[in-house]
Structure formats: C-alpha cells, structure tokens
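Please open the model in a viewer and keep a selection tool at hand. The tour below proceeds by selections, each followed by an account of what is found there.

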Amino acid sequence: MKALQLTDHPEQRIQLLDVPKPVARRGEALIRMQAAALNHRDEWIRQGKYPHIRPFCTLGSDGCGVVEAVGDNVDAAWIGKTVIINPNQNWGSNPAVQGKDYRILGNPTDGTFAEYIAVPIDRLHEKPAYLTVEQAAALPLGGLTAYRATCKHGAVKKNDRVLITGIGGGVAQLAMQFALAAGAQVWVSSGEEEKLQRAIALGAQGGVNYKNDNWDKLLMEQTGGLHLVIDSAGGVGFSRFIRLMQPAGKIVFYGATAGLPTTLDLHRIFFYQITIQGSTMGNDAEFAEMLQFCEKHRIAPIIDSVRPLDEIISAFDDMKSGKQFGKLVISIA
Ligand SMILES: NC(=O)c1ccc[n+]([C@@H]2O[C@H](COP(=O)([O-])OP(=O)(O)OC[C@H]3O[C@@H](n4cnc5c(N)ncnc54)[C@H](OP(=O)(O)O)[C@@H]3O)[C@@H](O)[C@H]2O)c1
C-alpha cells in the first residue's frame, strides 16, 4: 500500500512509499482510509522540530475511513462502519494533564497518511452522520485542541469578548466556531486582510492584522477589553494581550509558533488577577464531549482544499507557506 513516510530525501524529507499493508492485531481494527487531513504538527515533524521523531514512520494524525477487518477480542459489528480516529495515545490517569507515555498518532506510531492503518479499537468513534468524510477527517486533532483550550480551560460563555489569533490556522478556526456556538463575541487576528474578512463573514465581530504595529490599540478600540484570548503564536505579541484583558480575564495558549515573549507585565497580571493557561490536546473524555458539542451545534471544519494522496507533498508545502484558509484534506479512497 501507499504511505507518506518521513525519509532521508535531501529536499522533501518525506516520500510516498510502497509499504506492507498492516494487519489488525488483538484489540485493533484495520481501517481502509478514505480521507486524512494535515496539522501544523506534520510540517513541524518534516522540519525535525518535534520530540520522539522516528524515521520511516507514516505521518498523519487525522483521518476517516471504513473498518475493513478486526483482530481478536474485537466485536465484528465494527466491520463496515465509517469511523474517525481519536489521535490521543496513552493520555494516562490524570484528566488534567497527559502522562509521560503520552503520544499523538502519526509519529512515533504509524499515522493516517496511508491507504490503511491499524489502531486500537478504543480510538474509534463512528463518523458523525452530518459530516462528510472530508470534514470528519479534518476534525480530530484540531477539534480536540480547540475544545480543551476554548471550552474547558477558556470556559467560554455567552457574551464573552474573545480574541482568537491567527485565524488562518486550523485549530484557531475551530476555536472560533466553538466560541460562536457558545454565544461569545469573537474578534480575530491574521497576517492577511482577506482572512479577516472571511472570518467576519463567518460570524466574527471584527479583526486586526497582527502585522500592523497598532493592532492592540485597534483591538482595544473595537472591544473595550477582552475576557478571553485563545492563542497559538506567542512571540512578542503575547505581551500585548495583558493590557487588553478585562480584570480576571484568561489567556489560553496551545502553541508558540512565533517564539517566546520578550517581556511580561507581571504587575498587571497579579493586580488584575489575569490567568495565563497552557493547553495541549485534550483527554479522551474531552474528545467524546467535543464530538457531541460539534454534533449539537452542527459544526464542520472549514476545508481549504482536497487533493489526492499522490499530491500530498504539495499540501505540506502549502501548510508551510500558510496561505490556506481551512484544513488541507487528502482524499485517499
Ligand atoms: N499544544 C497542542 O496540543 C497543539 C495542538 C495543535 C496545534 N498546536 C500548535 O499550534 C500552532 C497552530 O497549529 P495549526 O495546526 O492550527 O497550524 P496552521 O493551520 O498552520 O495555522 C498556523 C497559523 O498561525 C498563524 N500565525 C503565524 N504567525 C502568527 C503570529 N505572529 N501571530 C498570530 N498568528 C500567527 C497564522 O495565521 P494567519 O494565516 O491568519 O496569519 C497561521 O495560519 C502550531 O504551532 C502547532 O504546533 C499545538
């Protein structure tokens, strides 16, 4: 079967290879993949910027497919069902934080950018009927990350004034959809004017370009102060969130794409009782809750484009360039 693996190719570092089809071992299901989707994690792994990287591993954390076979100790009723995969592996016993053996599907274990994958049966959920195969494939990792950050740590609620940064991002868009579904007022940031307009068309109140030197001043004028920030960029811009917060406001961040902040106004943080909360993925119960939340509010990930598995390397290049608005989906069947 075809699989996209991390190799020693001098330029691309990834190649579509012919590899043995996996088999479903005890407790596992063999899934014939129909669609998969990229996350920035996949591009970070290609660039070697991720822990536990295993060469000649099939990449990909997100996907949707049909159960073709099951191993011992698995109910045969799963065969023929269309499923999505929870990318969490070994979260551990503490719901508040993942344990030391925690991993994410798609390195170091073989992932979804392949014609087949074998995974433990407890990772599977039936595809929500209201989603297309492509939409379902695009939901798991981004949906879980956005749900924990926005709905759990962020506890977003009706009328909260929320900033979601980098709205071109896959997780950021789901966070915006979740916050809007909760009745919050959402502002966004982006490096591209067109993406701001697209977010406004989807329900955001307004937006600012983070490349504009005055973005924080403009945002203060528009919002009068924020209850919640959901960020994945970090960098020097992170320091400016502090002045934008309402007393007792919360800044939740799940990435640091732009690096570290150079300053942090600690006086303001303690005096105004501001919380800075890190967030990573989410536990298995939150994955199930996220699916229920999406189903209740009929939330579907925004899809930028769908291309065949043979063209998957171009999707990595698009992810790196950051031009997309929505998930980059790979059609496999
Ligand atoms: N901790 C976790 O569990 C977890 C889970 C998922 C993702 N992440 C991390 O979160 C980040 C986003 O992941 P993703 O898959 O959503 O990536 P993505 O789809 O590639 O989105 C990245 C977005 O970051 C925005 N961005 C870049 N520089 C920025 C800056 N200086 N200020 C504000 N926004 C900026 C861009 O938004 P515009 O295009 O609008 O400019 C870009 O679209 C990555 O660093 C990823 O590794 C962490």
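Against which elements do the buried residues of helix 5 pack? In this predicted model, they pack against helix 4, strand 11 and strand 12 (206–209).

**Helix 5 and its end**

Select residues 193–201, which form helix 5, and colour its buried residues: K195, L196, R198 and A199. Viewed down the helix axis, these residues fall within an arc of 165°, so they line one face of helix 5. An α-helix has 3.6 residues a turn, so residues three or four places apart point the same way. Now turn to the face directed away from the buried side, where the exposed residues E193, E194 and A201 are carried. Continue along the chain to G203, which follows helix 5 and has a positive phi, near 130°.

**The whole chain**

Select the entire protein chain next. The chain has 10 helices and 17 strands. Its C-alpha trace spans about 60 × 40 × 40 Å along the principal axes. For 333 residues, a compact globule would have a radius of gyration near 20 Å, and the value for the protein chain, 20 Å, agrees with this. Of the 333 residues, 47% are buried. Consider also the contacts between residues at least 6 apart in sequence: 68% of them join residues at least 24 apart.

**The two domains**

Colour the chain by domain. Domain 1 comprises 2–139 + 301–331, and domain 2 comprises 144–278. The C-alpha centres of domain 1 and domain 2 are 29 Å apart. How many residues of each domain take part in the contact between domain 1 and domain 2? There are 8 residues of domain 1 in contact with 6 residues of domain 2. On the side of domain 1 that touches domain 2, the classes are 3 nonpolar, 4 polar and 1 charged.

**The ligand**

Display the ligand and select the residues around it. The ligand is surrounded by 31 residues, of which the closest are G166, G168, G169, S190 and G255. Helix 1 (40–46), helix 4 (170–181) and strand 11 (185–190) are the elements that each give two or more residues to this shell. Helix 4 and strand 11 were already met at the start of the tour, as elements against which the buried residues of helix 5 pack. Colouring the shell by class shows 10 nonpolar, 18 polar and 3 charged residues.

Why does the ligand lie between domain 1 and domain 2? Both domain 1 (2–139 + 301–331) and domain 2 (144–278) give residues to the shell around the ligand, so the ligand lies between them.

**Helix 7**

Move to residues 237–244, which form helix 7. The buried residues of helix 7 are F238, F241, I242 and L244. Seen down the axis, they fall within an arc of 165°, so they line one face of helix 7. To see what covers these buried residues, add the surrounding elements, including helix 6 (215–223), strand 13 (226–231), strand 14 (245–253) and helix 8 (266–271).

**Loops with particular backbone angles**

Most residues other than glycine have a negative phi, and most peptide bonds are trans. The next selections depart from that pattern.

Select N90, in the loop between strand 6 (88–89) and strand 7. N90 has a positive phi of about 60° although it is not a glycine. N90 counts as exposed, because 10 C-beta neighbours lie inside 10 Å.

Proceed to the loop between strand 7 and strand 8, where N107 is found. The phi of N107 is also positive, near 125°, in a residue other than glycine. Is N107 buried or exposed? N107 is buried, with 24 other C-beta atoms within 10 Å. Next, select P108, in the loop between strand 7 (103–104) and strand 8 (116–120). The peptide bond that joins N107 and P108 is cis, with omega about 10°.

**A last stop**

Finally, select A129, in the loop between strand 9 (124–126) and helix 2 (133–137). A129 is exposed, with 8 other C-beta atoms within 10 Å. Add L17 and draw a distance between the two C-alpha atoms: A129 and L17 are 112 residues apart along the chain, and these atoms are separated by 33 Å.

How values were computed
Residues numbered from 1 in each chain as written. Predicted model: local features only at pLDDT ≥ 70, side-chain atom pairs only at ≥ 80, totals over all residues. Near = placed C-beta within 6 Å. Helix = DSSP H or I, 4+ residues; strand = E, 2+ residues; numbered from the N terminus. Nonpolar A, V, L, I, M, F, W, Y, C, P; charged D, E, K, R; others polar. Domains from an automatic or database assignment. Buried ≥ 20, exposed ≤ 12 C-beta atoms within 10 Å, placed from the backbone. Arc of directions from axis to C-beta. Contact = placed C-beta atoms within 7 Å. Rg over C-alpha atoms; globule rule 2.2 N^0.38 Å.
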